[in-house]
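Here are a few notes to go with the structure you asked about. Have it open while you read, and try to find each residue as it comes up.

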Amino acid sequence: MSKMMKTKGEKTMKGKYLNPKADLTFKLLFGEHPDLTMSLLNALLPLPENGLITSVEYATPEMVPENPAKKNSVVDVRCKDQQGRQFIVEMQLYWSDEFRQRVILNASKAVVKQLKKGEDYTLIQPVYCLNLINDIGFESAPDDFYHDYAIVDVAHTDRIIEGLRLVFVELPKFKPKSISEKKMAVLWLRYLTEIDESTSEAPAELLENEDTRKALEIVEKSAFTEGQLYAYEQFWDAIVNERVLRQKSYREGMTKGIALTAAKLKKKGMAIEDIVEVTGLTEEEINKL
């Protein structure tokens, strides 16, 4: 191992594999291997039994313009199948309300961009957006990790207008027994949640399956060049920095909110000792407001 690898990669290069959720590995897995992309989509999307994907064609770079404002924590792959259906696969490392809105926007764009001026609307094919989230985004559903959104009749939710489907999978909530009836879905989710830099030996179930075994081989550390490993480390460094900034912004927002609350209570004449109890601020901090 080179000196650079020891200094730059020592903290995450101890196991046999790289984390498949990183930009480099995720795009390598699902942006260059159509068979794995099909396997993942067929396993995790709500497709009818007679409508499984049998081939995929990746979107050209011109169809997927780079967004300079996109955060490090977003990785996506786009493709279409033999029927012309559009698929967007995203790996999101952090949840935010902005992310949810961006999912809606990107999926809607995928519908609109299918038609050229003057073309018949009947040519529009369904769009599926699969969002893999390495975070908790749906606090109101503590036991549900799989969220399937469609255009439905509010009074009769079994009546669906086909054409747009948004699926969110919260990886931290996943437990293999949750969807034991879908073996391939379980295997892919185990792959995404159990394989990382600390993995020295992959689970037997993943090695026994053809698709996940291939996916394991792709993220074996030994398959990457020194430059790729360095770029991989830089990606995770950027993710850590982004997390720190998010936490700092949250703390600053909380502090500001508490101070505003204390100031309002003080203005209304509440006793200082009561404001201390309510807000957790000290008497000195309240007197300065």
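The points below go from the whole chain to its core and then to one helix.

1. First, keep in mind that this is a predicted model. The protein chain is built with 10 helices and 6 strands.

2. How much of the chain is buried? Of its 289 residues, 40% count as buried. As for the outside, the accessible surface is about 16800 Å², and carbon and sulfur atoms account for 53% of that.

3. Now look at who touches whom. Take the contacts between residues at least 6 apart in sequence: 63% of them join residues at least 24 apart.

4. Next, the inside. In soluble globular proteins, nonpolar side chains tend to be buried together. Here the largest nonpolar core has 51 residues, and L130, L132 and Y191 are the ones that touch the most other members. Helix 5 (residues 183–194) gives this core its largest share, 7 residues. Another core lies apart from it, with 13 residues, including W95, F138, A141 and F168.

5. Try clicking on L132. Which residues is L132 in contact with, leaving aside its neighbours within four places in sequence? You should find F26, L44, V89, E90, M91, Q92, V169 and L192.

6. Finally, helix 5. With 12 residues, helix 5 reaches 16 Å from its first C-alpha to its last, close to the 16 Å expected at 1.5 Å a residue. Its buried residues are A185, V186, L187, W188, L189, R190, Y191 and L192. Y191 is worth a second look, as it is also one of the residues touching the most other members of the largest core.

Definitions and conventions:
Residues are numbered from 1 along each chain as its sequence is written. This is a predicted model: local features need pLDDT of at least 70, side-chain atom pairs count only at pLDDT 80 or more; totals for chains, interfaces and linings use all residues. Side-chain values use heavy atoms; hydrogens and water are left out. A nonpolar core is a set of buried Ala, Val, Leu, Ile, Met, Phe, Trp, Tyr and Cys residues joined through side-chain atoms within 4.5 Å. Buried means under 20% relative accessible area, exposed over 50%, partly exposed in between (1.4 Å probe, protein chains only). Helices (H or I, at least four residues) and strands (E, at least two) are DSSP runs, numbered from the N terminus. Contact means heavy atoms within 4.5 Å. Accessible areas come from the Shrake-Rupley method with a 1.4 Å probe; for residues, only the protein chains shown count as cover. The expected span of a helix is 1.5 Å times one less than its number of residues.
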